[in-house]
Amino acid sequence: MSLLLMVAAPAATWAGGLYLYEVGPAEVRTASAGMAARAQDASTLFTNPAGMTRLKQPEVLFSIQPLYMHLNFESDSNTSAHNQRQPDGSGADNGDASAWLPTGSAFYVHPVTNQLSLGIGVFGYFGLALKYDDGWEGRYYAREAQLQGMTFMPAAAYRVNDWLSFGAGLNVMYGILKERVAVNNNPLGLGDIQDGELEIKDNEWGFGYLAGVLVEPTQHTRFGLTYLSKTRLDFKAKTDFSDLRPAFERLLHRRGLLDTDLSMRVNAPQAVMLSGYHQINDRWAIMGNLGWQDWSNFGSIDVGVSAENSTSLTADLHYKDTWHAALGVEYKASDPLLLSLGVAYDSSMMGDGQRSPSLPSGLAWRFGTGAQYKAKKNIDLSLAYEFVWSGDLAVDVNRGPLAGRVSGDYTNTSLQAINLALNWRF
C-alpha cells in the first residue's frame with residue numbers, strides 16, 4: 001500500500017482547487033486540452049470512460065511523473081511580532097515548502113466485444129502535500145498539511161452505434177489526512193517558552209462515480225462530456241497535543257478540545273468537463289475544454305488554536321467554485337512521431353483574504369508540450385513537460401492573539417511536471 005500511495009497519490013495541488021489534471025502523458029503535453037474527447041490511450045478510463053470503446057486492442061499505460069513545486073513565502077511588516085521571532089528570540093524563517101514530489105499512474109483497458117470495453121486504473125487526481133520548516137513565521141497556521149486521495153477505478157464503456165458511446169467508472173478513493181500546527185505557549189513573550197504542537201491524522205475510504213459520453217459526428221471530429229461526482233471523506237482524527245504549558249493544557253481539557261475526536265468531512269468536489277477534438281488533416285489536430293468544479297462544497301481542513309478561549313479547532317475558509325478553459329494542438333511530424341502543445345487556465349477557489357498557509361491556492365496557467373514516439377507497432381513512448389504558473393499569491397490572515405497575523409506573498413509560485421510513459425497494446 002505504501003508504494004502505491006507514493007506512485008499514485010497526487011503530491012501537489014494545482015488546478016483552480018486541489019484537482020490535478022495530469023493523470024497521463026497526453027494531459028501533460030497538451031495542458032489537459034481535449035481531455036474528454038481525445039480518447040487516444042488507456043488514460044481515457046478517467047478523462048472520459050466512454051472513450052474506451054475507441055481502443056481496439058487490450059492496452060496498458062504506465063507513467064511516472066516527478067513534480068517540482070516552487071512555494072516560497074515572504075512576509076511583510078504587517079506580520080505579528082511574535083510570528084516573526086521564534087520562542088528563543090531568534091528570527092523566524094520564511095516559509096519555503098518547495099520540493100520534488102513523486103507521482104504516477106497505471107491504466108488497463110480491455111475490449112471485450114466491438115461494443116463493450118472494461119478497464120481499471122490506479123491514479124491520483126485530488127490532494128495537497130506541504131511541509132514547512134518547524135520554525136517559520138506561519139507555524140501557528142501550518143507546519144505540515146497533507147490531504148491526499150488515491151483512486152482505484154474500475155470502469156466500463158458501451159458503444160451504442162458508430163457515433164455514440166457511454167461510459168462509467170466507480171471512484172474508490174483512499175484518503176489520507178495529516179496536519180501539524182504549532183501552538184503558541186507564550187502569547188506575552190515572557191521568557192523562553194517553546195511552542196507546543198497539535199497533530200491530527202486519519203485515513204478513510206470514500207466512494208463516488210464518473211460518467212461520460214462520447215459523440216463522434218464525423219470520422220475526424222468528436223466531443224466528450226464527463227460528470228465526476230463528489231467523493232465524501234469522513235475523517236475523524238483524534239487531537240494529539242504535545243509540549244503544552246500545564247495551565248494551557250488544563251484549559252483545553254476543560255473546553256473539551258484535548259484528546260478528542262475531531263470530525264472533518266471533506267468532499268472531493270463534483271466536476272463537469274466538456275471537450276472537443278478535430279483532426280484538420282493528416283498532420284494537424286486541434287482540441288479544447290470548458291470545465292467547472294464545485295469547490296464551494298469542499299469542507300474545512302484548517303486546524304489550529306487561535307486564542308486561549310477557543311471553542312473550535314477548525315476554520316471554514318469559504319471556498320468558491322472554479323472555472324477551466326484549455327486549447328491545444330497536435331502535429332504528426334512523421335509516422336512514428338506526434339508532437340503536442342497546449343495552454344489552460346483555471347480560476348482560483350479563494351480570494352486573497354481567504355488564502356491560508358495550509359492551502360495557498362490561486363489561479364493557474366498551464367503550458368504543456370511533449371512528444372509521443374511509436375517505438376514499435378504496439379509500443380508508444382512519451383515524454384512530456386508542463387509548467388504551471390500561479391504568480392504571486394497574497395496572504396493576510398489573523399485568527400486571534402495566539403495564531404497572530406501572517407501577511408505577505410508566496411512569490412513566483414509554480415509547478416513543473418515531467419511525465420515519462422509507456423503505452424503497450426497487445
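Helices (H or I, at least four residues) and strands (E, at least two) are DSSP runs, numbered from the N terminus. The model is predicted, so to speak a computed one: local features need pLDDT of at least 70, side-chain atom pairs count only at pLDDT 80 or more, and totals for chains, interfaces and linings use all residues. Residues are numbered from 1 along each chain as its sequence is written, and side-chain values use heavy atoms, with hydrogens and water left out.

**Exercise 1. Find Asp243 and Asn412, and work out what their phi angles and exposure look like.**

Step 1: start with Asp243, which sits in the loop between β11 (240-242) and α5 (246-254). Its phi is near 60°, a positive value in a residue other than glycine.

Step 2: check the exposure. Buried means under 20% relative accessible area, exposed over 50%, and partly exposed in between (1.4 Å probe, protein chains only). Asp243 has a relative accessible area of 62%, so it is exposed.

Step 3: turn to Asn412, which belongs to strand β21. Phi of Asn412 is near 50°, again positive in a residue other than glycine. Asn412 counts as partly exposed because its relative accessibility is 44%.

**Exercise 2. Work out which strands β1 pairs with, and name a facing residue in each partner.**

Step 1: fix the rule. Two strands pair if DSSP finds at least two bridges between them.

Step 2: take β4. Strand β1 (residues 59-70) runs antiparallel to strand β4 (residues 99-111), with 11 bridges. Look at Pro66 here: its bridge partner in β4 is Pro102.

Step 3: take β21. This pairing with β1 is antiparallel too, over 10 bridges. Tyr68 has Gln416 of β21 opposite.

**Exercise 3. Trace the run of pairings from β13 through β14 to β17.**

Step 1: β13 and β14 run antiparallel and are joined by 9 bridges. They make a hairpin, with 4 residues between the two strands. For a landmark, Ala271 has Gln293 as its bridge partner in β14.

Step 2: carry on from β14 to β17, an antiparallel pair with 10 bridges. Here Met287 is matched with Gly328 in β17.

**Exercise 4. Describe the largest pocket and the largest cavity, and sort the lining of each by residue class.**

Step 1: get the terms straight. On a 1 Å grid over the protein atoms alone, a cavity is a set of points where a 1.4 Å probe fits but cannot get out; a pocket is an open set with protein on both sides within 12 Å along at least five of seven lines; lining residues have an atom within 4 Å of a point. Grid points are joined across faces, edges and corners, and a volume is the space filled by probe spheres set on the points.

Step 2: the largest pocket holds about 840 Å³ of space. It has 30 lining residues, and the closest to its centre are Gln40, Lys332, Leu338, Gln372 and Lys374. Strands that each give at least two lining residues include β17 (322-332), β18 (337-346) and β19 (364-376).

Step 3: for classes, Ala, Val, Leu, Ile, Met, Phe, Trp, Tyr, Cys and Pro count as nonpolar, Asp, Glu, Lys and Arg as charged, and the others, Gly among them, as polar. The pocket lining then splits into 8 nonpolar, 8 polar and 14 charged residues.

Step 4: now the largest cavity, at about 230 Å³. Of its 20 lining residues, Tyr21, Met35, Leu228, Ala271 and Met273 lie nearest the centre. This lining has 13 nonpolar, 6 polar and 1 charged residues.

**Exercise 5. Place Leu210 and Phe298 in their surroundings by listing what they touch.**

Step 1: contact means heavy atoms within 4.5 Å. Leu210 is in strand β8 (residues 196-218), and it counts as buried because its relative accessibility is 2%.

Step 2: not counting residues up to four places away in sequence, Leu210 touches a set including Leu45, Phe46, Met153 and Tyr227.

Step 3: a nonpolar core is a set of buried Ala, Val, Leu, Ile, Met, Phe, Trp, Tyr and Cys residues joined through side-chain atoms within 4.5 Å. The largest one has 74 residues, and Phe298 is among those with the most contacts inside it, as is Phe46. Another core, of 8 residues, lies apart from it and includes Ala31 and Met287.

Step 4: with the same sequence neighbours left out, Phe298 touches residues including Leu18, Phe126, Leu147 and Met349.
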